[in-house]
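Me: I've got a model open and keep tripping over the labels people put on it. Can we go through a few of them?

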Amino acid sequence: MAKQFLGKEVVAALNDRIMADAAALKEKGVTPTLGIVRVGEREDDLSYERGAVKRCEKLGVAYEKFLLPADCTQEELMAVIDQVNKNDAIHGVLMFRPLPKHLDEAAVIKALDPEKDVDGITDGSMVGVFAGTNQGFPPCTPQACMEILDYYNVDCTGKKAVVVGRSLVVGKPAAMMLIKKNATVTVCHTRTVDMPSVVKEADIVIVAAGRAGVVDASYVREGQIVIDVGINVNAEGKLCGDVDYASVEPIVDAITPVPGGVGSVTTSVLVGHVVEAAKRKNA
């Protein structure tokens, strides 16, 4: 039976650190503040927003919402981005995507100040991830994966790591972050030949394929650590990951559950980025 890498344990440790940093800033007269920019009322956006607001309130971080109707104009949205960029009281910005199709999402992302990009969506933040600098912030989900590995004392140095998925949201930044931890990294994708044999060679596997249960027992072996980023809904209406947990868990050494794994850590990482942005601004 695999050891479960539980998000709640990582979250508890992260939250203690974030609250201490937020309290230290408040003693200097600085209240870390998140600006939430949302266009329309997609249910998944609203769900994530509720979670982010609840975590902000718990950790001593303020927030301000900038809400626009789904039929807003490009000019209206750009004006809001300009507003949050110029507001020194807002240290980090969470902008929900995807935007409605009539809006130029690339132009909006380009306009956002990377120093306030706490969700890692700007080119500036990507440069920071790929160059290994502190410009902007990495996307929250791959950062959550790294926090889990750190909390459970997984030394990546010299280990073989495989990332399944090559998106800019998870796959590519996760690969760069593993390289920074001195792992030897392979990225698998839809054109990878004989993916099960490639994944089976890894010591550490991060799965962000975007497809329920794509990694099953044929992909894994004893001794592996599996981090499942996926969030899907199965035929029974239950949340499940990109890993077929039932077949993989009895084989590997450690695995993150879904739910209760990476997703629960991601929100704390977001709030932690807001506090870090405030610290950088007031250093």
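Reply: Sure. Start with a cut-off: a residue is called exposed when its relative accessible area is over 50%, and buried when that figure is under 20%. Keep in mind that this is a predicted model.

Me: Why is Val-233 called exposed?

Reply: Its relative accessibility is 57%, and the cut-off for exposed is over 50%. Val-233 therefore counts as exposed. You'll find Val-233 in strand 9, residues 232-233.

Me: What makes the nonpolar surface patch there?

Reply: Ile-231, Val-233 and Leu-239 make it, and the patch comes to about 300 Å².

Me: How do you know that both faces of strand 4 are covered?

Reply: Look at the two sides of strand 4, residues 92-95. Gly-92 and Leu-94 sit on one side, Val-93 and Met-95 on the other, and all of them are buried. Buried here means under 20% relative accessible area.

Me: How do you know that strand 2 pairs with strand 4?

Reply: Pairing needs at least two bridges, and four join strand 2 (residues 33-39) to strand 4. The two run parallel. As one example, Val-37 has Met-95 in strand 4 as its bridge partner.

Me: And what about strand 2 with strand 3?

Reply: Seven bridges there, again in the parallel sense. Across that pairing, Arg-38 stands opposite Leu-67 in strand 3.

Me: Why do strand 3 and strand 4 count as edges?

Reply: The open sheet has three strands in the order 3-2-4. Strand 3 (62-68) and strand 4 each have a single partner strand, so one side of each is left without a neighbour in the sheet. From one strand to the next, the twist averages 20°.

Terms used: Residues numbered from 1 in each chain as written. Predicted model: local features only at pLDDT ≥ 70, side-chain atom pairs only at ≥ 80, totals over all residues. Heavy atoms only, no water. Patch = residues over 30% accessible without salt bridge, like charges linked within 9 Å, V, L, I, M, F, W, Y side chains within 5 Å. Areas by Shrake-Rupley, 256 points an atom, 1.4 Å probe, with all protein chains shown as cover. Salt bridge = Lys/Arg side-chain N within 4 Å of Asp/Glu carboxyl O. Buried < 20%, exposed > 50% of the residue type's maximum accessible area, 1.4 Å probe, protein only. Axes fitted to C-alpha atoms, helices over the stretch in contact; angles between N-to-C directions.
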